[in-house]
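Open the model in a viewer and keep the sequence panel beside it. The stops below say what to select next and what is there.

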Amino acid sequence: MGRYFRDLWIGIVTVLQGMRVTFGHLFNRRITVQYPRETVPMYPRTRVTLVNNAKDCGFCLSCKRACPVNIFTIVGARAEPDEDLGILPDGKPKKMHILEFKIDMSKCVYCGLCVDACDTQSLHWELPQEPSVFRRQELHKDFSDMSEEDKARVRAREEQKKKDRAAQAAAKAAPPKGDTPVE
Ligand code: SF4
Ligand code: SF4
């Protein structure tokens, strides 16, 4: 009989202890939000999305080399001597056109090594208002600052230079006129 009442008492005490935890949370402030109408504010230094300011990018490729998952596609072309592309943050003249500066953020592991490697600080983290996207393609970003016409013009010029170099090399390799090739 004594054991019966002891078990009954332990049951009542443990139920009350459990209810104390429940009631302790009942009047707490709300910790869930009604996303997407409401959002939780993020810390200013949260790594959310990479942005490159192509105007300040010196085409050193340090970011690409530092990336452990190789998600950069960077294509450039040397400016002509009479072209003025501006001055980089380190005071040196900018010498390269940035034809492509693509980052596939869907593969990024957010290590930040690329940002640390960028001496001009053109590559940096940004905190967009809404970081979520509906389609994976929206995570593929291109930070080239050139118009499509300018890209086409520079690409055509590079192609022509390549052809000229090939023609020059072929002319050098060809035997002088009048000589008969030895079989
Ligand atoms: S944060 Fe890391 S994984 Fe992402 S692009 Fe930079 S180096 Fe690559
Ligand atoms: S490290 Fe910075 S300056 Fe160099 S290519 Fe990358 S973004 Fe441009």
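## The whole chain

Begin with the chain in cartoon view: it has 4 helices and 5 strands. This is a predicted model. Followed along the sequence, the elements come in the pattern α-β-α-β-β-α-β-β-α.

Next, turn the chain to see its outline. Along the principal axes, its C-alpha atoms fill a box of roughly 125 × 45 × 30 Å. The radius of gyration is 32 Å, whereas a compact globule of 183 residues would have one near 16 Å. Buried residues make up 9% of the 183 residues. Of the contacts between residues at least 6 apart in sequence, 77% join residues at least 24 apart.

## Helix α1

Select residues 2–26, which are α1. The end C-alpha atoms of this helix are 36 Å apart, which agrees with the 36 Å that its 25 residues should span at 1.5 Å a residue. How many of the 25 residues of α1 are buried? The count is 0, and the helix is hardly covered.

Pick Ile10, whose place is in helix α1. Ile10 is exposed, because 10 other C-beta atoms lie within 10 Å, and a residue counts as exposed at 12 or fewer. Now add Lys94 to the selection and draw a distance between the two C-alpha atoms. Ile10 and Lys94 are 84 residues apart along the chain, and their C-alpha atoms are separated by 79 Å.

## The loop between α1 and β1

Move on to the loop that follows α1, where Pro36 is found. Show the backbone atoms here: Tyr35 and Pro36 are joined by a cis peptide bond, with omega about 5°. Most peptide bonds are trans.

Val40 is found in this loop between α1 and β1 as well. With 8 other C-beta atoms within 10 Å, Val40 is exposed. For another distance, select Val40 and Asp7: they are 33 residues apart in sequence and 47 Å apart in space, C-alpha to C-alpha.

## Strands β1 and β4

Select residues 49–52, strand β1, and show the side chains. Which residues of β1 point to one face and are buried? They are Leu50 and Asn52, while Thr49 and Val51 point to the other face and are not buried. In a regular strand the side chains alternate between the two faces of the sheet.

Add residues 123–126, strand β4, to the view. β1 and β4 run antiparallel and are joined by 4 bridges. To see one of these pairings, pick Thr49, whose bridge partner in β4 is Glu126.

## The two ligands

Show ligand 1 and the residues around it. There are 13 of these, and Cys67, Cys108, Cys111, Leu113 and Cys114 come nearest. By class, the shell around ligand 1 has 12 nonpolar residues, 1 polar residue and no charged ones.

Then go to ligand 2. Here too the surrounding residues number 13, with Cys57, Cys60, Cys63, Cys118 and Leu123 coming nearest. What classes make up the shell around ligand 2? It has 8 nonpolar, 5 polar and no charged residues.

## Two residues with positive phi

Select Asn70, in the loop between α2 (62–66) and β2 (72–78). The phi of Asn70 is near 55°, a positive value in a residue other than glycine. Is Asn70 buried or exposed? It counts as exposed, because it has 10 C-beta neighbours inside 10 Å.

Select Gln121 next, in the loop between α3 (113–117) and β4. Its phi is near 60°, a positive value in a residue other than glycine. Gln121 is exposed, with 11 other C-beta atoms within 10 Å. Most residues other than glycine have a negative phi.

## Helix α4

End the tour at residues 148–173, helix α4. This helix of 26 residues reaches 37 Å from its first C-alpha to its last, close to the 38 Å expected at 1.5 Å a residue. Of its 26 residues the number buried is 0, so α4 lies largely in the open.

The last pick is Gln160, found in helix α4. Gln160 counts as exposed, since 10 C-beta neighbours lie inside 10 Å. Draw a final distance to Lys102: Gln160 and Lys102 are 58 residues apart in sequence and 25 Å apart in space, C-alpha to C-alpha.

Definitions and conventions: Residues numbered from 1 in each chain as written. Chains lettered and ligands numbered in written order. Predicted model: local features only at pLDDT ≥ 70, side-chain atom pairs only at ≥ 80, totals over all residues. Rg over C-alpha atoms; globule rule 2.2 N^0.38 Å. Buried ≥ 20, exposed ≤ 12 C-beta atoms within 10 Å, placed from the backbone. Contact = placed C-beta atoms within 7 Å. Expected span 1.5 Å × (residues − 1). Near = placed C-beta within 6 Å. Nonpolar A, V, L, I, M, F, W, Y, C, P; charged D, E, K, R; others polar. Pairing = 2+ DSSP bridges.
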